[in-house]
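Student: I'd like to go through this model and test the labels people put on it. Can we take each label back to its cut-off?

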Amino acid sequence: MKSIDPTSQSVQDNYKLLIGSIIPRPIAFVTTLSSEGVLNAAPFSFFNIVTANPPMVAVSVQRKPGGVQKDTARNAVHAGEFVVHIAQESYIEAINVTAANVPPDESEVALAGLTTVASECIAVPGVAEAGIRMECVLEQALPLGGDGQSPACDLLIGRVVRFHIDESLYEKGRIDAKALKPVSRLAGSDYAKLGEQFMIERPS
C-alpha cells in the first residue's frame, strides 16, 4: 500500500488522486443568471445531496488561478438562486460544449444549442433537454480551501424549492434510474453510464 502525504506534492497531483479515486461522480449541470441577465451554464462533478429536510444539494465550484470566482459561483451568490440539472446520455455532448471557457457576456446555453425553459419559483431559467431539474435558492455559499490569501473553491448549498421531473422517469414517487440514463464523471476526459445494478439488503 503506497502512503502519500498530500502536503508533499502539488495541488494538481492531489487533484488527480481525488478525481481518480472518488468515482463515479454525479454531474450537476447548473444554470445561473448574471447581473446583466446573461444565462450561464456549466457542469460540475463535485456535487451531492446535503439533506432531505428540507431538500438541499451542494455544488463545489473550483476557483480560477488567483482565487477568481467562476461565473456560476459569482452569479449564484449575487442572485441567490440557480438551477441544477441531472446530466444524461441524451444531452451530454451539449453539456460538454458548455464547459468551454467563454466570456461572462456570452451564454453557454446558446452556444450549446440548448432550449431554455422558465422556472416556476425563481428567475433563473432551466434547460428543457434535462429530464430532471431542480430550482434552488442559495442557502449558503462557503469559500473554502486555498493558501490563506484566497479560497480555492465556493461551496454552494442550494435549497430545492421545486422539482421538475419528466413523467417517463417518475413512478409512485421514485425515479426510474434505467430510464434516466444518467452520466457520471471519472478522471481526465472519461465518463461513465449507469452500468450494472445489484441489490444488497441493509441490516436491520
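Tutor: Sure, let's start with a bridge: in S6, Ala28 has Ile86 as its bridge partner. Keep in mind that the model is predicted, so local features need pLDDT of at least 70 and side-chain atom pairs count only at pLDDT 80 or more, while totals for chains, interfaces and linings use all residues. Residues are numbered from 1 along each chain as its sequence is written, and side-chain values use heavy atoms, with hydrogens and water left out.

Student: What makes S2 and S6 a strand pair?

Tutor: Strands here are DSSP runs of E with at least two residues, and helices are runs of H or I with at least four, numbered from the N terminus. Two strands pair if DSSP finds at least two bridges between them. Four bridges join S2 (residues 28-33) to S6 (residues 81-86), so the pair qualifies. The two strands run antiparallel, and Phe29 has His85 as its bridge partner in S6.

Student: How do you know that S2 also pairs with S3?

Tutor: By the bridge count again: S2 and S3 share six bridges in the antiparallel sense. Phe29 has Pro43 as its partner in S3. The two strands form a hairpin with five residues between them, and Gly37 in the turn has a positive phi of about 90°.

Student: Why are S3 and S4 called edge strands?

Tutor: Look at the order first: seven strands form an open sheet, S3-S2-S6-S9-S10-S5-S4, with antiparallel pairing. S3 and S4 (47-52) each pair on one side only. From one strand to the next, the twist averages 35°; angles are taken between N-to-C directions, from 0 to 180 degrees, with axes as lines fitted to C-alpha atoms, for helices over the stretch in contact.

Student: Why is Phe29 called buried?

Tutor: Buried means under 20% relative accessible area, exposed means over 50%, and partly exposed is in between (1.4 Å probe, protein chains only). Phe29 has 0%, so buried is the label. The rest of S2 follows suit: six of its six residues are buried. Ala28, Val30 and Thr32 point one way from the strand, with Phe29, Thr31 and Leu33 pointing the other way.

Student: What makes Phe29 and Tyr91 an edge-to-face pair?

Tutor: Rings of Phe, Tyr and Trp (its six-membered ring) pair if their centres lie within 6.5 Å; planes under 30 degrees apart count as stacked, over 60 as edge-to-face and the rest as tilted. Phe29 and Tyr91 come in at 6.1 Å centre to centre, with 70° between the planes, so both tests are passed. The structure holds one aromatic pair. Phe29 is in S2 and Tyr91 in the loop between S6 and helix H3 (92-97), so the pair ties together parts 62 residues apart in sequence. Tyr91, at 4% relative accessibility, is buried.

Student: How do you know that Asn40 and Thr72 make a polar contact?

Tutor: A polar contact is a pair of N or O atoms within 3.5 Å; within protein, one must be able to donate a hydrogen and the other to accept it, and residues adjacent in sequence count only if both atoms are side-chain atoms. The two side chains are 3.0 Å apart, so the distance test is met. Asn40 is in strand S3 (residues 39-44) and, at 5% relative accessibility, counts as buried. Contact means heavy atoms within 4.5 Å, and Asn40 touches residues including Val30, Asp71, Asn75 and Glu108.

Student: What makes Arg185 a charge over the ring of Tyr191?

Tutor: NZ of Lys or CZ of Arg must be within 6 Å of the ring centre and within 35 degrees of the ring normal. The charged end of Arg185 sits over the Tyr191 ring, 4.6 Å from its centre, so it meets the distance limit.

Student: Why is Lys172 called exposed, but Lys181 partly exposed?

Tutor: Lys172 has 77% relative accessibility, so it counts as exposed. Lys181 has 45%, so it is partly exposed. Lys172 has a positive phi near 55°, and Lys181 has a positive phi of about 50°. Most residues other than glycine have a negative phi, and most peptide bonds are trans.

Student: Where are the cis peptide bonds?

Tutor: One joins Ile23 and Pro24, with omega about -15°. Another joins Asn53 and Pro54, with omega about -5°; Pro54 lies in the loop between S4 and S5.

Note on methods:
Lists of a residue's contacts leave out its neighbours within four places in sequence.
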